[in-house]
Amino acid sequence: MGAPPRVVAFGGGHGLAAALGAWRRITPDLTAVVTVADDGGSSGRIRREMPVLPPGDLRMALAALAGEDPARQEMARLFQHRLGGTGVLAGHPVGNLVLTGLVELHDGDTVRALDAARELVGACGRVLPMADVPLDLVAHVETIDPDDPARTRTIRGQVAIASTPGRVRDILLAPPDPPVHPDVLAAIATADVVSLGPGSWYTSVLPHLLVPRLRAALAASPARVVVVLNLEPQPGETDGFSPEEHLRVLHAHLGGVALHTVIADAESVVDRCGLLSAVRECGAELVLAPVAELDGSPRHDPTRLSAALTSVVGAR
């Protein structure tokens with residue numbers, strides 16, 4: 001048995017949490033690089049009121065990597081717990097407030113704050129932000145109203161993009177070239193595997209490829225790049241997208257980043273020939289495997305996904 005692979009997982013929200021739940025079964029050498037563009041809910045409120053990165057997706061990644069002993073799991077549940085009531089604190093996950101407080105204690109250093117939070121939950125990997133400043137997403141969305149003379153609207157903000165009816169045509173970052181922490185670039189440079197997805201395609205997966213410094217680091221990295229496709233289209237972002245359309249959109253944003261392996265759920269793919277063709281156009285290999293929850297819900301099962309990932313991480 002060789003050393004476990006060094007893995008960097010990109011994403012945000014529930015999709016990244018599912019990927020981390022799978023990767024942690026394979027390796028302890030795991031770094032999550034998390035989107036920082038959330039502008040809704042608790043994260044949006046904290047972001048508007050404090051000079052910090054939106055903490056929600058960072059908190060979810062920490063909880064997904066929490067240690068398995070009862071005390072660590074209790075702390076993870078506390079991080080995920082949303083405060084009740086009707087006052088100004090209502091709806092805030094405790095972990096968002098803890099992370100914000102840790103950033104203040106560490107004089108605005110988000111990475112030091114995340115490392116401190118990692119100790120609190122006993123995380124089996126490291127969590128880092130994809131950029132050192134909060135990001136805004138700007139999308140061009142083709143509306144579904146045939147009587148709309150403009151047809152394409154410019155929508156700003158992650159929540160607005162995800163909730164606007166229509167099909168996203170492209171997405172931009174503001175600022176377009178944000179600073180990236182050196183630890184993120186170092187993790188990519190030494191990684192054996194980099195994973196993208198699953199998750200909200202335009203607001204959690206693709207934004208990483210829009211950061212010039214991240215894309216350049218990925219293009220220069222010798223790591224195997226693995227993409228985990230979503231189980232179904234996401235309303236408001238990828239309505240009507242087939243798995244191969246998800247992949248073609250990703251391919252258009254790679255910008256010199258090599259793609260090696262695409263994992264798709266065997267039961268969710270209708271047109272296997274079409275997906276295989278799209279994968280080959282990317283110069284990658286296709287792995288069809290049962291990775292969805294056994295109850296039929298459109299979520300990735302961490303144990304099944306880890307089995308699929310294990311089948312490819314050794315093929316370097």
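**A three-stranded sheet and a helix pair**

Visitor: In what order do the three strands of the open sheet stand?
Guide: This is a predicted model. Its three strands pair in antiparallel fashion and form an open sheet. Their order is β5-β4-β6.

Visitor: Which are the edge strands?
Guide: An edge strand here pairs on one side only. That holds for two strands, spanning 152–156 and 167–174. They are β5 and β6.

Visitor: By how much are neighbouring strands of this sheet turned against each other on average?
Guide: Direction is ignored for this angle. The average turn between neighbours is 20°.

Visitor: How many bridges join β4 to β6?
Guide: β4 covers residues 136–142 and runs antiparallel to β6. The bridges between β4 and β6 number seven.

Visitor: Which residue in β6 stands opposite Glu142?
Guide: Glu142 lies in β4, residues 136–142. Its opposite in β6 is Arg167.

Visitor: Why is α5 called oblique to α6?
Guide: The axes of α5 (residues 94–105) and α6 (residues 110–121) come within 8 Å and cross at roughly 130°. Angles over 145 degrees would count as roughly antiparallel, and 65 to 115 as roughly perpendicular. The crossing angle therefore makes α5 to α6 oblique.

Visitor: How many nonpolar, polar and charged residues are in the contact of α5 with α6?
Guide: α5 brings Val98, Leu99, Leu102 and Val103. α6 brings Thr110, Ala113, Leu114, Ala116, Ala117 and Leu120. By class, the contact has nine nonpolar, one polar and no charged residues.

Visitor: Is the crossing of α5 and α6 left-handed or right-handed?
Guide: The two axes come within 8 Å. α5 passes α6 in a crossing that is right-handed.

Note on methods: Residues numbered from 1 in each chain as written. Predicted model: local features only at pLDDT ≥ 70, side-chain atom pairs only at ≥ 80, totals over all residues. Heavy atoms only, no water. Axes fitted to C-alpha atoms, helices over the stretch in contact; angles between N-to-C directions. Helix = DSSP H or I, 4+ residues; strand = E, 2+ residues; numbered from the N terminus. Parallel < 35°, antiparallel > 145°, perpendicular 65-115°, else oblique. Left-handed = near helix turned anticlockwise from the far one by under 90°. Contact = heavy atoms within 4.5 Å. Nonpolar A, V, L, I, M, F, W, Y, C, P; charged D, E, K, R; others polar. Pairing = 2+ DSSP bridges.
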